[in-house]
Amino acid sequence: MSKKVTRRQFLSYALMGTGGFMASAMLMPMVRFAIDPVLQAGGEGEFIPTPQKVDDLTATPIRVDFTVKDRKDGWYKSDVSNTAWVFKEGDEIIAFSPVCKHLGCTVSWEGDPAHKNEFFCPCHNGRYEKNGKNIPGSPPLGPLDQFEVKVEGGYVYLGKTIPNTLV
Ligand code: FES
């Protein structure tokens with residue numbers, strides 16, 4: 001026995017189908033964005049080796065350059081250079097991101113001779129204490145981020161950036 005589909009039913013099925021298709025087209029990029037870091041090699045939880053020997057670290061921050069291999073950007077993979085400011089605080093190794101929390105320029109240790117023992121951002125005279133705390137009265141509104149740190153074979157390995165744990 002065949003059941004006849006009325007014109008009204010046909011239209012409502014067609015609209016549901018179209019609506020469902022449009023909803024999935026909008027949701028898929030959001031789902032992909034949410035799970036992408038988990039799918040990516042070099043994402044969450046991975047530590048990148050640096051050329052920095054732990055034994056050579058002191059209490060004075062030094063610039064450590066390192067390379068993130070095969071960083072995925074859409075379909076494109078490339079090596080990305082990165083930098084950290086690394087020093088010892090007692091037994092702990094601290095690694096700060098050089099990205100200024102004002103507008104993203106690069107900070108450097110004692111970059112301004114007028115302000116010893118501070119990180120300095122030349123773009124708008126941003127200043128940070130050695131623990132990464134932004135100095136009130138200068139443009140940055142938050143402290144420098146840190147990298148997760150681990151030691152392997154006597155060398156410093158750096159992970160993802162995390163909010164400053166020292167201030
Ligand atoms: S970007 Fe660093 S002070 Fe403005």
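## Close-up views of a predicted model

**View 1. Tyrosine 128, a buried residue of a short sheet.** Tyrosine 128 counts as buried because it has 27 C-beta neighbours inside 10 Å. Here a residue is called buried if 20 or more other C-beta atoms lie within 10 Å of its own, exposed if 12 or fewer, and partly exposed in between, with C-beta atoms placed from the backbone. This is a predicted model, in which local features need pLDDT of at least 70, side-chain atom pairs count only at pLDDT 80 or more, and totals for chains, interfaces and linings use all residues. Residues are numbered from 1 along each chain as its sequence is written. Tyrosine 128 belongs to strand β7; helices (H or I, at least four residues) and strands (E, at least two) are DSSP runs, numbered from the N terminus. Which residues does tyrosine 128 contact, leaving aside its neighbours within four places in sequence? They are Val107, Glu118, Phe119, Lys133, Asn134, Ile135, Pro140, Pro143 and Leu144, where a contact needs C-beta atoms, placed from the backbone, within 7 Å. For Glu118, which is ten residues from tyrosine 128 along the chain, the C-alpha separation is 5.6 Å.

**View 2. The open sheet around β6.** Strands β5, β6 and β7 form an open sheet in that order, with antiparallel pairing; two strands pair if DSSP finds at least two bridges between them. Because β5 (108-109) and β7 (126-128) stand at the edges with a single partner strand each, one side of each is left without a neighbour in the sheet. Between β6 and β7 there are three bridges, and phenylalanine 120 sits opposite arginine 127 in β7. The loop between β6 and β7 holds asparagine 125. Its phi is near 60 degrees, a positive value in a residue other than glycine. Asparagine 125 is partly exposed, since 14 other C-beta atoms lie within 10 Å.

**View 3. The hairpin of β2 and β3.** Take a look at strand β2 (residues 62-73), which is joined to β3 by ten bridges and runs antiparallel to it. One facing pair is aspartate 65 and threonine 83 in β3. Two residues lie between the strands of this hairpin, and glycine 74 in the turn has a positive phi of about 65 degrees. Within strand β2 you will also find aspartate 70. Although aspartate 70 is not a glycine, its phi is positive, at about 55 degrees. Is aspartate 70 buried or exposed? Aspartate 70 counts as exposed because it has 11 C-beta neighbours inside 10 Å.

**View 4. The hairpin of β3 and β4.** Moving along the chain, five bridges join β3 to β4, again in the antiparallel sense. Lysine 88 faces isoleucine 93 in β4. The hairpin has two residues between its strands, and glycine 90 takes a positive phi near 65 degrees.

**View 5. The largest nonpolar core.** A nonpolar core is a set of buried Ala, Val, Leu, Ile, Met, Phe, Trp, Tyr and Cys residues joined through C-beta atoms within 7 Å. Which of the 16 residues in the largest one touch the most other members? They are Ala84, Val86, Ala95, Phe96, Val107 and Phe119. At least two residues of this core come from each of β3 (76-89), β4 (92-96), β6 (119-121) and β9 (155-162). Centre your view on alanine 84 and, not counting residues up to four places away in sequence, you will see it touch Val64, Ala95, Phe96, Ser97, Pro98, Phe147 and Leu158.

**View 6. Glycine 154 beside a distant part of the chain.** Glycine 154 lies in the loop between β8 (146-152) and β9. It counts as exposed because it has 10 C-beta neighbours inside 10 Å. Valine 54 is 100 residues away in sequence, yet its C-alpha lies 5.6 Å from that of glycine 154. Beyond four places in sequence, glycine 154 touches Lys53, Val54 and Asp55.

**View 7. The whole chain and its confidence.** Stepping back, the protein has one helix and nine strands, and the helix comes before the strands from the N terminus on. Of its 167 residues, 17% count as buried. The average pLDDT, the predictor's confidence in each residue from 0 to 100, is 86, and 83% of the residues score at least 70. Residues 35-42 stay under 50, and the model has nine contacts beyond four places in sequence for them. Where pLDDT is low, the predicted coordinates should not be read in detail.

Notes: Contact = placed C-beta atoms within 7 Å.
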